[in-house]
Amino acid sequence: MAEIIGAVGTSHVPAIGGAIARRVEDEPYWRPFFKAFPKVRRWLAEARPDTVVMFYNDHGLNFFLDKMPTFAVGAAGEYRNADEGWGLPVQHPLHGDPELSWHVIETLTADGFDLTTCQEMQVDHAVVVPMQLLWPGERPVRLIPVAINTVQHPLPSAARCLALGRSVGRAVATYGGDSRVLVVGSGGLSHQLDGARAGFINRVFDEMCLQALVDGPEVLTRYSTAELVELAGTQGVEILNWIAMRGALSGRIGVVAKNYHIPISNTATGVLALETG
Ligand code: DHB
Ligand code: FE
């Protein structure tokens, strides 16, 4: 039997990877962000997930503006990291879970999602920074990356991303194999890296989103993509990855950890760990 043991949403600002490399997590600038993780790691050590399904957005490593799938699911045996320009140390390849990947792909396709399937896929900071945060040492999990286009407009709607997550939840529930699955939503919270509003942060909107992701994410589907850009910033639309993450959870939800801290680099950061059952 396969089951989803819970979910973690976390920011993926590349500078976090730099802080890990320099071992400065306890310095005053970094502590307010990193302090949320020991509890999350203890929970994961007990919950022992086998596979991580990670909703994230590629930032120009595997996909670029010339070819941008709306939804792409990895079905590789291994995912290599590379430096897409931030100068971060390249992380070891991550093991894939092709069998569960193909079951996810078949379920999502049956549910009406027209996917790009990737039997080769490189993963950027949006995948490896969350993995480093959750497992600072050995990574005892396999990875199924699900890339959502939050970069090249038109983007998928919040409602569509929530439905995508729900379909992933159905895929795990109908899987014939044995697997304990953790779902991760990577990115956010509010941030805008360029243009006239560079540095834009919206605490009120972020805090509303964090609460809605606990209580019921449906309210977030009221926002159009244009409204999300307005409220969260051009890159804050990465909240779509968190909405998909939450869609995969059903039944009773408990909060393991919740943290909000402004800023890291140009970004309002959030961490939200949710357990099922
Ligand atoms: C930053 C945030 C991101 O989400 C990202 O992908 C790259 C950079 C930043 O705030 O520096
Ligand atoms: Fe990003």
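Biologist: Which residues are around ligand 1?

Modeller: This is a predicted model, in which local features need pLDDT of at least 70, side-chain atom pairs count only at pLDDT 80 or more, and totals for chains, interfaces and linings use all residues. Residues are numbered from 1 along each chain as its sequence is written, while chains are lettered from A and ligands numbered from 1 in the order in which they are written. With the C-beta atom, placed from the backbone, required to lie within 6 Å of the ligand, the residues around ligand 1 are H12, V13, P14, A15, H59, G187, H191, L193, Q235, S265, N266 and T267.

Biologist: Which residues of helix 3 are exposed on the side away from its buried residues?

Modeller: In helix 3, a DSSP run (H or I, at least four residues) that spans residues 37–47, the buried residues (20 or more other C-beta atoms within 10 Å of their own, against 12 or fewer if exposed) are F37, V40 and L44. These three lie on the same side of helix 3, because they cover an arc of only 60° around the axis. On the other side of helix 3, the exposed residues are P38, R42, A45 and E46.

Biologist: Just after helix 3, which residue takes a positive phi, and which residue does so in the turn between strand 10 and strand 11?

Modeller: Just after helix 3, a positive phi of about 45° belongs to R48. Strand 10 and strand 11 (E runs of at least two residues) pair in the antiparallel sense over nine bridges, and H261 stands opposite T269 in strand 11. These two strands form a hairpin with two residues between them, and the turn residue with a positive phi, of about 55°, is S265. The two residues asked for are therefore R48 and S265.

Key
Arc of directions from axis to C-beta. Pairing = 2+ DSSP bridges.
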